[in-house]
Structures are given as C-alpha cells and as structure tokens.
Number of protein chains: 2
Amino acid sequence: MNLSKSPKTEELDQIRQNLARLDPVGVAEELARLERPARAMVFRLLPRDLARRTFRYLDPAHQEDLLAGLSDERAVRLVEDMDPDDRARLFGDLPAEVVRRLLAGLSPDQRRFTSVLLGYPEESAGRIMTPEFVQLEPGMTVGEALERYRRRSAEIETHYALPVAGDRNRLVGTVEIRDLLLAAPGSRLAEVMNGEPRSVKVDEDQEAVARLIQAADLLAVPVVDGEGCVVGLITVDDAMDVLTLEESEDLARVGASEPLGRPYFSVSIFRLARRRMVWLLLLVVASTLTVHVLDAFEDSLQAAVGLALFIPLLIGTGGNAGAQSSTTIVRGMAVGEVRVRDLLRTALRETVVGLLLGIMLGALGVAPVWLFAGRSMALVIALSLVTICTLASLVGAIMPILARAADVDPAVVSAPFVTTVVDASGLLVYFLIARAVLNL
Amino acid sequence: MNLSKSPKTEELDQIRQNLARLDPVGVAEELARLERPARAMVFRLLPRDLARRTFRYLDPAHQEDLLAGLSDERAVRLVEDMDPDDRARLFGDLPAEVVRRLLAGLSPDQRRFTSVLLGYPEESAGRIMTPEFVQLEPGMTVGEALERYRRRSAEIETHYALPVAGDRNRLVGTVEIRDLLLAAPGSRLAEVMNGEPRSVKVDEDQEAVARLIQAADLLAVPVVDGEGCVVGLITVDDAMDVLTLEESEDLARVGASEPLGRPYFSVSIFRLARRRMVWLLLLVVASTLTVHVLDAFEDSLQAAVGLALFIPLLIGTGGNAGAQSSTTIVRGMAVGEVRVRDLLRTALRETVVGLLLGIMLGALGVAPVWLFAGRSMALVIALSLVTICTLASLVGAIMPILARAADVDPAVVSAPFVTTVVDASGLLVYFLIARAVLNL
C-alpha cells in the first residue's frame, strides 16, 4: 500500500481497512510514513481499541502531533494508558499549558508518577525510569515474593528483574523471576538474590545507564537516590531507545547538522533547512580562513598557477583523513572505549597512523604527479600529503576528546569542524612547502 | 587504577587484587582497556571462577585473543559455558582449525547447537538465535507450562517470552511468563497466549530483526524456518548488540573507514592504517578528477588568479551540504524511515532544502565578497553557492538510496564519496559561471 502521499478521502477507507489487519506495531510503522495531516486523519478513523493500543508504539513526535488534533477527553484516555516513563518523555516535549490540562485529567496515581519523573533533569536516568515496580524484602520467602509479583504486576509495566530493598528502602539485591521460579518456595530471598546488584543513580546520564544495561545484558537496573534508596527501575527497552537516539544524534552531528529529533518524513522542508543552516553558516565563516591563507600566497599562485590544480585534492584528502580519525574516536568515546584520560595515548596512535597513511599516499603519488606536472611539483605534493595526513589525524583525534573534557558532545566538533580546520592549515603547509621547494 | 600501559610484573598482583573486587562486567570493562599482552596476562591470573564468569562479557575479538593463549582444555571449558549464539559469533571469527579442536571438546549437545547456528549465513537471524528454549503447546494448561519452564530453564539462556507451537512444530502463539503467573493454573494456553505473534525467518537480516524487537518492545522473538516451524529465539540483548555493531559500521563508513570490528585500543596501529588506506586511496583517485577540471580551466585561472581563492570555501561548503543530506538519509534508511521506493520523494525534498540553504548562503555572502573582491566576483560566488548546495543535497540524498537499491550498504557511498563527487562537479559549475560572468 502506498501511503507516501496525502490520501484522498475516498482512499482513507481503504487505508483504514488495510491497517485494521495489522497489529499495533505494524500500524504504528505505517502511520510513521504518512505526512502529518494524513496521519492525523487515518489515526482518528482507526477502530478505538486499535488506536489505543497503537499509540504507545508511535514516535513521541507523532504522539504529540496526534494529541493536538484530539479532544481533551480522548487525549487524556490515550495518555492514561501509557507507561509513566513514556508519558514523561512525551510531556517533556509538550507545551506547559497542554501538560497542565492532560495532567489534570489523569488518575491521581498516574499524575503523581508523571510529576515525579518530570522533576528530574532531561537526559537523566530519572526521566526514563518506571516508578511503578514490584519491590521485595530480603526476609521474604520465595513463595511470598512470587505471590506479591502476581498481585502487583497486573497493572504495571512488565519487568522480570526485581529490586530487593532492606532497611529504610536501601537496595540490597536484585532477583529475577526465573530464579524465583527455580528456587524452593520456602527459601529466603536473601539466599536466592544477587547480593551485589548493579544500580544507577537517579541523576546519572541516560546514555551511561543504557550502555551498562547493554554491557551487562540486564533486563532492568534499579535506580537509587543519593541515600541508596530504590526509586525506580530502568528497563532494557528504554535503554535501547536511548542508544538509538544518541546514535542518531551523533551521526547527524558528524554530518554537520543538528539532530532532527523526529522521523525524517515528519520534518518539514523548512525545518530541515533550519536544522542545517546554523552549521553550514558557521562552517562557511570558519572556512573564510582558507580565503585568507590563499590571499596571503597570491604571489606564489600568480608565479605558479599550477599550484592551484592540487588544492582540492590535497585538502580533500586531509579532510578525509581527519574524518577517519575523528569518527573513530567519537564512536570510541560513545561506547566507552576511549576516555578523556586517554588523550595522549590516542593522539600518539593517531599521529602515527596519519603519518603511515601520508607516507603511503605520498609514495604512490610521486610517479603520476611527476609525469603530469614535473619533478619539483611531485616533491611538493608528496611532502604535503605526508604533513597534511599526519596533521589531520592528530587534529581529528584530539578535538573530540577535548570537547568531551569541556563537557561538549564530541560529535559536535568532529568531521566537519576538523575538515575546516585542516583545510586552512593544510593550505598553509602546502604553500610553505611549495615556496621552499620551488623557490618562489 | 591506570591500566593503559603494559603493566610490569610487580604491578600485576595489584591489578589482580583490584579486579577481584569488581563484578564480572566490571572486570570485562577494565580488561577491554588493556593492550593485548597485558590483557592475556591479567586474565590468566584471575581467580578461575571470576575468569569463567567474566569471559562471556568480553568483546568477541578479546575472547578470540584470550583463547589463543590458553591450553585447549581451559579454552574448551570457557567455551562450553557460553550461550550457543555467543559461541557461534565467536567461532565465526576463529580459524577453522581452532574451531574444529574446540568443537571436538564440547559436550555433544552444545556441539550440535553450535554446528546448526554456524550453518546459517553471516548476518542472518539464524546466527544470533538461541536454539535452546522452552517450547509450549497450545493444549497445555498454564500450570503445566510453568512446570515445564521450571524443569527446563535451569540449563539454558534466560528468556521470558516462550513460543507456543502446534501441529508439526508450527508457531501458533507466544506467551510471557508474566501472563502465565497471572493466569489461573487450570486455564489452557490457547486462551492465554498471544495468538498473532510476531516472528522472523531464520535467513532474515539481523538488523531488520533487531529493529523489530526494538519497535515492538519485545523481550524475544521466535525464529521460524521456511515451513513456519520454530527453530530458535532471538533475545533483546542480542538485538541491542546487533544495533550497536551496525551503528558502529555506519559511522565508520560515513567517516571514510572500514569498520574496525574490535574495540579501539585492541586494534594495532598498522591495522588501523590498513582499514583506512583503501578508502583514502580510492578517494584520492576519485579526486584526481578535480585536478583535471582545474587543468581544463587553467586559462581562466591564469586570467583571474583571484578565482583560486574561493575554491576551498566553495567545495568545502558543497561537501558539508552533501554530508548533511547523505548522513540524514543514511540514518533514515538504517532506522527504516526512508525506503528505496521513497527515492523521488526524498530527492525532491532534499533538492528544495539544498536550494533554500544555497539561497541563504548566497544572499549572506554577496556583501562581504563584494567588499573583498568586487561586484562580479560576488555574483559568481553567490550563484555558485546556490548551484553547488542544491547539487550537493540532491547527490547526497540519492546516492545512499541508489546504493541500497543495488544491495550495497548505503553508508559506503555517503559523506566521503558524495563530497568527492561534489568537489569535481562544484568546480565545474564555479568555472562555468565565472567564465560567463567575467567574460573569460
């Protein structure tokens, strides 16, 4: 079914029938590919129950769009059904006035949970935790624990790893449902539980939490406050969403744009242009530096106009070498392999790599340039390649690490900025070498 | 503790004591940051039990390194403890001779599982599925199902979503442990299970499977063969690993390198250089096109050497606009928002975005260039910026989509190749406009 254009009214019924055959995940996927007005129209026409079950699988940006087109009453009903952490994520993006109206409509319990979550800073663990969970005490028997799980878990988000808290609600362990099922019903939790559980602080960075869940293959990790008391649980599905979001952001920044924050086709052309404009403009301003460098060497250019022929090749290669090294380091930092204290070690490695690459390219380039432009030019190009590649790799390695040290997202100063820095300094190197070799 | 350099022998004991205080996940994390010889040394010195429990949390590349330094007997014991899917992933990277020796040492069951998994193509769902799982029949009662889970799940990888298979092992539903615990023990599975379960084909692409698990918030998805019979289960932790791996690969390629496939610090400098060399060389060869374009316009350059001053700025901006559009589309394709059939729609959107960006930059650039280089030059630069930005966005949008249509990873032809293509065509545009405007 082709949903890419805005459907005409007579097509809507067909679309609706087709969607009614899908499960909620499938419906959400197809809705995501519609333009905004069509999405709102189709969603309103879905059978009530399917619409309700589909809502939670939609991107928060689409949830926001859809709510805007619904009556307060219907909007509240959709929002009441959401898990508290998903609801907090959605509310974080909504205008305060809408949040106030929706909160007022929620049941008292859900209203309280949502307010608690919204009280934590954006990007913190607290924002994505589920505040409703089954909590156990170390003195319980396995049978009692299972009984509590049965009683409580019907109304809340599914989770299979439960925190065990002792005195004054302090986390003392975790236990998985599987272990409860395998243990003798009469044994004490204290004997069955994992007594050295991993936990995260409520104000910890979401990405770090997500990486921990991934590294340790956890289904959920308990969230504790400053006193070590359990206040929530972060589940693996939320961890996956955080990682995907972070990775989209990194890739956007490596590609010189601000992250869109919503699915591609639901971003208008003007918004797309706006997200890119700032970066592009900054980079243009930065690259006026290249104009000045060339202006300073205009005499040399006048004397040997052939020098101009190799400018794009040299700075392009420098840019590529810089991009190679910076994206490697940005990724290494994202997954926790490279840290700020590795600055020197990384700079050294990358400088050597850049030198090796430069030597190889320089060696391979000598013959063709000699044939094309003579011996002196071959020497200039080879020496420039070696210097520029080394410089580019070094700059590409240290800029993201310095950014992290200054608490800036490393991806912000990766490939595009490295390229621009390397362009100007590469030109300088090129003309200095050319002057020396060609006696200009 | 500073583990970044190779430790001296007297330091090893200290390191060992420090590590013994960590949990296996923490030990794995610290080991990952050591250089290879130090890692092998420290691992051999770990208490046996801790070493055994740590092994599964290590990167496959590190597992491979460590096995090489152990006796066959000790290696087999570590490998026997692994989950079959993790073991298959590791074996996929090992030399055939080593795999043969290790397989021979495994218990018959584990040997069989591993051989089955290794029989599926790389990157397919079959490679990462767990072939050991608790399977239920629709006619069972809930009580019987829980009893079977208790009996069987002790020896196998934990999972909480179980497939229900009917006649001739055909998948008819899935049921979660939570639903079993909440249902009356006497009710039939057929009434409790989800009768329209999501499943994946055994030869399906791993990334697609992982995206499904993420989109549908699944804990596990059943894997079926061509006849719809259940052959395995893919769990959410494997899905997360697949996504992270795919994203590392995309980022590496957007940054013009081959993916490392192993943690940064465990890659030698020579291997780093080798992974980048091929790309860099290809791009240098491609960018000799720019030399030819400039060579063709040498007369114009000679006549107006000032033209050279703006070459880096113009092609840099084109490269950035191309990178913006290509990374956006590469990501959109990775997360399934943009598909091959969206080619025209995407090309149109991006062309308009590029045009808008070009017009804005051109308008902003007129005044400074006029002051710096005169009115005609200002006109040349403004027109070139508009054309180059539009062209770059268009090329950046369609190259990744065409790559996907040709079954090539879109990231391979993203930013770096787009930039190089745009460099050459941008120069052509620039000099044609300059010739026309300046009457060269």
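Biologist: Which residue of S4(B) stands opposite Val200(B)?
Modeller: In S4(B), that place is taken by Val223(B), where strands are DSSP runs of E with at least two residues and helices are runs of H or I with at least four, both numbered from the N terminus. Keep in mind that this is a predicted model, in which local features need pLDDT of at least 70 and side-chain atom pairs count only at pLDDT 80 or more, while totals for chains, interfaces and linings use all residues. Residues are numbered from 1 along each chain as its sequence is written, and chains are lettered from A and ligands numbered from 1 in the order in which they are written.

Biologist: And in which sense do S3(B) and S4(B) pair?
Modeller: S3(B) and S4(B), the latter covering residues 220-224, pair in the parallel sense over 2 bridges; strands count as paired if DSSP finds at least two bridges between them.

Biologist: What is the bridge partner of Val223(B) in S5(B)?
Modeller: There the partner is Gly232(B), and S4(B) and S5(B) pair in the antiparallel sense over 5 bridges. These two strands form a hairpin with 5 residues between them, and Gly228(B) in the turn has a positive phi of about 85 degrees.

Biologist: What is the strand order in the whole sheet?
Modeller: The order is S3-S4-S5 in an open sheet of chain B with mixed pairing. Strand S3 (200-201) and strand S5 (230-235) of chain B each have a single partner strand, so one side of each is left without a neighbour in the sheet.

Biologist: Which helix touches S3, S4 and S5 of chain B?
Modeller: Helix H14 of chain B, residues 206-215, packs on the sheet and touches those strands, contact meaning that C-beta atoms, placed from the backbone, lie within 7 Å. The direction of H14 makes about 140 degrees with that of S4(B); axes are lines fitted to C-alpha atoms, for helices over the stretch in contact, and angles run from 0 to 180 degrees between N-to-C directions. Helix H15 of chain B, residues 236-254, lies across S4 and S5 of chain B at about 65 degrees to S5(B).

Biologist: Changing topic, how many residues of chain B are in contact with chain A?
Modeller: 94 residues of chain B are in contact with 94 residues of chain A.

Biologist: How can chain B be laid on chain A?
Modeller: A turn of 180 degrees with a shift of 0.0 Å along the axis does it, with an RMSD of 0.1 Å, the copies being superposed by least squares on C-alpha atoms of residues with pLDDT of at least 70 in both. That is the relation of a two-fold axis, and 100% of the contact residues of chain B recur in chain A.

Methods: Contact = placed C-beta atoms within 7 Å.
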